[in-house]
Amino acid sequence: MRTVPMGGEAVDVSGKACLCRVDFNVPIKDGVIVDDTRIRASLPTIRCLMEGGAKVVLISHLGRPKGKVVESLRMDPVAGRLSELLGVHVKKLDDCIGEEVEEAVRSMKPKDVLLLENVRFYPEEELNDREFAKKLAAPFDIFVNDAFGTAHRAHASTVGVAQFLPAYPGCLMKRELEALEKLLRSPEHPYVAVIGGAKVSDKLGVLENLLDKVDSLLIGGGMANTFLMAQGYDLGKSLCENDKKEDALRVMKKAQELDKQLLLPVDVVVAERPEPGVPVKVVRPDEIPEHMMVLDIGPETRREFSRVILQARTVFWNGPMGVFEVEQFSGGTLEIAAAIAQVEGFTVVGGGDSLAAVEMAGCADKISHLSTGGGASLEFLEGKELPGVKCLRGTR
Ligand code: ADP
Ligand code: MG
């Protein structure tokens, strides 16, 4: 008997029909997958199940079809790319429940891989409908969830099916949990969190929870604007959440009370618009022209942030330091990425745009853990228990 390790158990999967929830929510443009990172990230689990002799049936959501069949959101391009990556033909079905699926699963041989249709074509998925979950689970012997990115939502294909099948975490899920748990429970110090991105409101819970754990909190990106505004600076046309002033003040006060270092930009790159080719200036926060917007952190801020980062033994980074999609405003983000890549310690980067920035900086392989979890990673770091994790064996 060949077993595979799952959730701290040795599980015999040979000959078993395994429903494996993956996160194949990849960007697709004109039928072509623009970035296959998420597909590649699921390969260890798929290969592990194949090696154990399971019949591997994959299920995922793609985009936001809102409970209806949307032709452009079918999983067909994913099946094609997955076949290439695995080197075996991955058959794809046009449904995820019903006779056709049951028949196809029955006729599978061990090590076969099958991909079901976009589970969000059914409104019951996001409602975590019990009957729907039962139908999803019907053809299978076990359930493996490798879609950490959706673990913060109780959906039929993440939580519902676990009522009907023995449920285990996949390799990616396991790795995500281990990395994020380390950030919360056993980080080596100095521990630095670098938080940026568009909005404070997205990440307030993370800021507050991490403040208890870290030694330094470095804030950049659009989020820093709200903090600067709260300190009384005039931000001109910058992205700024006026209704989050109190929250920003509370975070700064908490940092002070806990004697934590909280750094904001001391200089910023401004322009009239976040567009290529516009004239840019570097100014201090008290010099932001009223017709301009803050679009990146300035050179002095980059130096100071990098200095703090390079002394760290643990770094968590989420959120770009500027509008890095436009080359002129990518400098701060790329410099911070490069600094984190040099850290000799445990480094974690999370968030879709932040991961794209790390790729852009060419240093993805120098980061200890790239967290593909997005919102789920953030909720985990907020200290919340994730429904899609709680229902799996061996995850406490
Ligand atoms: P992640 O996906 O890594 O979690 P977010 O989605 O929170 O990051 O934020 C990324 C977005 O924030 C990017 O599209 C970037 O252009 C934007 N952004 C960063 N800094 C600014 C800024 N100063 N003004 C406006 N948008 C910004
Ligand atoms: Mg984003």
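Which polar backbone atom is 3.1 Å from a nitrogen atom of ligand 1? The points below take up this question after the layout of the chain.

1. This note concerns a predicted model. The protein chain falls into two parts, with domain 1 covering residues 3–169 and domain 2 covering residues 177–381. Between the C-alpha centres of domain 1 and domain 2 there is a distance of 34 Å.

2. The two domains touch each other. On the side of domain 1, six residues take part, and they are in contact with nine residues of domain 2. The area buried between domain 1 and domain 2 amounts to about 620 Å². Carbon and sulfur atoms supply 69% of that area. In domain 1, the residues that lose the most area to domain 2 are Arg38, Phe148 and His152, and together these account for 72% of what that side buries.

3. The interface may also be described by its pairings. The rule finds one salt bridge across the interface of domain 1 and domain 2. A salt bridge joins the side chains of Arg153 and Glu379, at 3.9 Å from N to O. This distance should be read beside the cut-off, which is within 4 Å. Residue pairs in polar contact between domain 1 and domain 2, with both residues at pLDDT 80 or more, number zero. Sorted by class, the side of domain 1 that touches domain 2 consists of two nonpolar, two polar and two charged residues.

4. The surroundings of ligand 1 comprise 19 residues. Those that come nearest are Lys203, Val294, Glu325, Asp353 and Ser354. Two of these names return in the next point, where individual atoms are considered.

5. The opening question is answered by Gly222: a polar backbone atom of this residue lies 3.1 Å from a nitrogen atom of ligand 1. Oxygen atoms of the ligand enter into two further pairs. In one, an oxygen atom of ligand 1 is 2.7 Å from an N or O atom in the side chain of Lys203. In the other, a polar backbone atom of Asp353 is 2.8 Å from an oxygen atom of ligand 1. As for cover, ligand 1 taken alone exposes 570 Å², and the protein buries 82% of that area.

How values were computed. Residues numbered from 1 in each chain as written. Chains lettered and ligands numbered in written order. Predicted model: local features only at pLDDT ≥ 70, side-chain atom pairs only at ≥ 80, totals over all residues. Heavy atoms only, no water. Domains from an automatic or database assignment. Contact = heavy atoms within 4.5 Å. Buried area = accessible area lost by both parts, 1.4 Å probe. Polar contact = N/O pair within 3.5 Å; in protein donor to acceptor, adjacent residues only side chain to side chain. Nonpolar A, V, L, I, M, F, W, Y, C, P; charged D, E, K, R; others polar. Near = heavy atom within 4 Å. Areas by Shrake-Rupley, 256 points an atom, 1.4 Å probe, with all protein chains shown as cover.
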